[in-house]
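Student: I'd like a close look at one part of this model and how it ties into its neighbours. Could you take me through it, and then out to the rest of the fold?

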Amino acid sequence: MSSSINSLTTELHNGITIPVFGYRADKDHGNRNYENILTAIQAGFRHFDIACDGEAEKTAGRAFKDSGLKRYELFLTAKLDNDSHGYHQTLRAFENTLKRLGTDYIDLYLINWPNPVRYRSNYEETLAKTWEALETMYKNGKVHAIGVANFEARHIEFTLEHSEISPMVNQARVYPGFPFKDNVECANEHKIQTIGFLPPMHDAILSCKELQIFADKYHVTPRQICARYLLEKSILPLCQGNDIAELSDVFNTLNFSLSREDMLFLDNMRNYGPDNINPDTCDF
């Protein structure tokens with residue numbers, strides 16, 4: 001299975017190849033991340049999104065080492081935490097991430113939030129310097145692609161205005177009931193690949209009556225409906241879970257398509273997840 005999964009890739013605007021399906025190792029999973037990552041590897045995943053948390057990075061690094069896979073077989077995404085913005089702080093945080101993961105390069109490195117509360121009084125200068133640090137690590141080859149996460153259209157535009165190298169990725173919460181239209185359209189306009197994920201607490205989304213109706217209609221699972229919804233928008237899905245059969249079934253998402261009418265319904269259905277988090281006013 002893994003060979004066919006690995007062959008399903010797309011290119012970022014700098015020519016780097018990224019697996020279409022990724023696995024999201026959330027820090028809320030704690031010690032379970034070790035087993036979850038190994039289960040995801042067994043299911044065929046090779047693209048892993050790692051939480052910007054020191055313990056999560058250590059756990060992930062141990063799982064990758066114990067998996068027996070070669071480093072080149074993995075596509076690893078790591079992220080900058082909210083307490084380490086600024087040029088020199090970002091470079092130090094990145095080096096610590098490399099050590100914790102046990103690798104000498106990262107495939108994709110992201111600024112996790114655009115405007116953390118710690119730096120809000122000096123937002124513009126700090127974000128510009130933080131992005132400059134990502135450009136530096138990209139130029140020296142320690143990162144193969146750079147991008148952002150949880151950026152809204154205004155933050156994407158600001159970064160582009162203060163960059164030499166434009167972001168390759170914006171990772172954002174996108175799912176049925178939360179299409180994040182302005183964000184996705186802005187990214188598309190600038191050839192920035194959106195990578196979508198469900199919020200950490202997403203049981204209410206997967207168990208809602210609307211998704212179950214579509215799952216029954218297409219003879220798939222609610223998780224597959226969510227993944228297919230993203231693929232229809234040319235968004236790369238990050239998957240979660242610890243059931244190997246369910247994770248393996250995610251790749252059957254390629255065997256069906258959602259109709260235009262069903263996509264419109266899913267765009268406009270009730271949001272069973274949390275409300276939008278405004279990066280400019282949130283308390284973290």
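Tutor: Start at Tyr109, whose bridge partner in β7 is Ile146. Strands here are DSSP runs of E with at least two residues, helices are runs of H or I with at least four, and both are numbered from the N terminus. This is a predicted model, so local features need pLDDT of at least 70 and side-chain atom pairs count only at pLDDT 80 or more, while totals for chains, interfaces and linings use all residues. Residues are numbered from 1 along each chain as its sequence is written, and side-chain values use heavy atoms, with hydrogens and water left out.

Tyr109 sits in a pairing of β6 (residues 108-111) with β7, which run parallel and are joined by 3 bridges. To count as a pair, two strands need at least two bridges found by DSSP. On the other side, β7 is joined to β8 (residues 169-173), again in parallel and by 3 bridges; there Gly147 has Val169 as its bridge partner in β8.

Now look at the faces of β7 (residues 146-149). Ile146 and Val148 are on one side, Gly147 and Ala149 on the other, and all are buried, where buried means under 20% relative accessible area, exposed over 50%, and partly exposed in between (1.4 Å probe, protein chains only).

How does the chain get into and out of β7? Coming in, β6, helix α5 (residues 123-139) and β7 make a right-handed β-α-β unit. Going out, β7, helix α6 (residues 153-161) and β8 make a right-handed unit too. "Right-handed" says that, with the strands pointing away from the viewer, the path from the first strand over the helix to the second runs clockwise.

Step back and you find β7 in a closed barrel of 8 strands with parallel pairing, running β3-β4-β5-β6-β7-β8-β9-β10. The twist averages 30° from one strand to the next, taken between axes that are lines fitted to C-alpha atoms (for helices over the stretch in contact), with angles from 0 to 180 degrees between N-to-C directions.

Further round, β5 (residues 75-80) pairs with β6 in the parallel sense over 4 bridges, and Thr77 stands opposite Leu108 in β6. The ring closes where β3 (residues 22-25) and β10 pair in the parallel sense over 2 bridges, with Tyr23 opposite Cys239 in β10. β10 (residues 236-239) has Leu236 and Leu238 pointing one way, Pro237 and Cys239 the other, and all are buried.

Charges next. A salt bridge here is a side-chain nitrogen of Lys or Arg within 4 Å of a carboxyl oxygen of Asp or Glu, and the whole structure has 17 of them. One of these joins the side chains of Arg71 and Asp107 at 2.9 Å, N to O. Arg71 is in the loop between α3 (54-67) and β5, and Asp107 in the loop between α4 (87-101) and β6, so the pair links distant parts of the chain, 36 residues apart. Asp107 counts as buried because its relative accessibility is 7%. Another salt bridge pairs Asp83 with Arg118 at 3.9 Å, N to O. Arg118 counts as exposed at 54% relative accessibility, whereas Asp83 is partly exposed, with a relative accessible area of 48%. There is also a salt-bridge network linking Arg24, Asp26, Asp49 and Lys79.
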